[in-house]
Amino acid sequence: MCGRLVIYSSPERYAGIFGVTAGFAMSPRYNVPPTFDIPVCRVGAQGDREMMLMRWGLVPGWSKGPDSRFSMFNARSETVHEKPAYRTAFKK
């Protein structure tokens with residue numbers, strides 16, 4: 001089953017919820033598929049929160065970078081701990 005999400009508010013509104021600033025503009029999107037860039041709030045290198053655009057999906061540790069052949073965004077909960085693409089990320 002393919003996942004989708006909706007981004008219906010501005011980055012400034014999301015940034016306000018997390019107490020950060022958004023350094024980018026984005027229009028609402030109502031059908032965002034995996035592998036697209038989405039706004040994410042994360043803890044930065046200095047330990048403070050930051051909001052940035054990140055690619056939705058998993059790049060396996062053995063991959064040299066994002067590759068359309070390895071579109072990792074959909075895992076089965078029953079086997080996620082066994083599959084090589086998800087195993088290390090699942091443990092962490």
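Q: What share of the contacts in the chain with a separation of 6 or more comes from residues 24 or more positions apart?
A: This is a predicted model, so keep that in mind throughout. Take the contacts in the chain with a separation of 6 or more, then pick out those between residues 24 or more positions apart. Their share comes to 36%.

Q: In what order do the elements of the chain run from the N terminus on?
A: There are two helices and four strands to place. Reading from the N terminus on, the order is β-α-β-β-β-α.

Q: What percentage of the residues in the chain are buried?
A: Buried here takes a relative accessible area under 20%. The chain has 92 residues to go through, and the buried ones make up 23%.

Q: How much of the area that the chain exposes do carbon and sulfur atoms supply?
A: Start with the total: the chain exposes about 6,900 Å². Of that, carbon and sulfur atoms supply 54%.

Q: How far apart do the centres of the positive and negative side chains lie?
A: Count the charges to begin with: the chain has 13 positive and 7 negative side chains. Take the centre of each set, and the two lie apart by 6 Å.

Q: Which residue of the largest nonpolar core, besides Val 20 and Ala 22, does Ala 15 touch?
A: Nonpolar side chains tend to be buried together in soluble globular proteins. Here the largest nonpolar core has five residues, namely Ala 15, Val 20, Ala 22, Phe 24 and Met 51. Leaving out residues up to four places away in sequence, Ala 15 touches Thr 21 along with Val 20, Ala 22 and Met 51. Thr 21 isn't on the core list, which leaves Met 51.

Q: How many bridges join β3 to β4?
A: These two strands run antiparallel, and Pro 39 stands opposite Leu 53 in β4. The number of bridges joining β3 to β4 is seven.

Q: Which residue in the hairpin of β3 and β4 takes a positive phi near 90 degrees?
A: The hairpin has five residues between its strands. The residue with the positive phi near 90 degrees is Gly 47.

Q: Is Ala 45 buried or exposed?
A: Ala 45 sits in the loop between β3 and β4, and its C-alpha atom is 31 Å from that of Glu 82, 37 residues along the chain. The cut-off for the outermost class is over 50% relative accessible area. Ala 45 has 81% relative accessibility, so it counts as exposed.

Q: What is the relative accessibility of Thr 35?
A: Look in the loop between β2 (29-32) and β3 (37-43) for Thr 35. Its phi is near 80 degrees, a positive value in a residue other than glycine. Thr 35 counts as partly exposed because its relative accessibility is 32%.

Q: How far apart in space are Pro 66 and Thr 35, C-alpha to C-alpha?
A: Pro 66 belongs to the loop between β4 (49-55) and α2 (84-91), and it counts as exposed because its relative accessibility is 62%. Along the sequence, Pro 66 and Thr 35 are 31 residues apart. In space, the C-alpha to C-alpha distance is 9.1 Å.

Q: Which residue is in contact with Pro 66 besides Arg 55, leaving aside neighbours within four places in sequence?
A: Pro 66 has two such partners to consider, and one of them is Arg 55. The other is in the loop between β4 and α2, is partly exposed at 35% relative accessible area, and also contacts Gly 65. That residue is Val 59.

Conventions:
Residues are numbered from 1 along each chain as its sequence is written. This is a predicted model: local features need pLDDT of at least 70, side-chain atom pairs count only at pLDDT 80 or more; totals for chains, interfaces and linings use all residues. Side-chain values use heavy atoms; hydrogens and water are left out. Buried means under 20% relative accessible area, exposed over 50%, partly exposed in between (1.4 Å probe, protein chains only). Contact means heavy atoms within 4.5 Å. Accessible areas come from the Shrake-Rupley method with a 1.4 Å probe; for residues, only the protein chains shown count as cover. Lys and Arg count as positive and Asp and Glu as negative; His and the chain ends are not counted. The place of a charge is taken as NZ of Lys, CZ of Arg, CG of Asp or CD of Glu. A nonpolar core is a set of buried Ala, Val, Leu, Ile, Met, Phe, Trp, Tyr and Cys residues joined through side-chain atoms within 4.5 Å. Two strands pair if DSSP finds at least two bridges between them.
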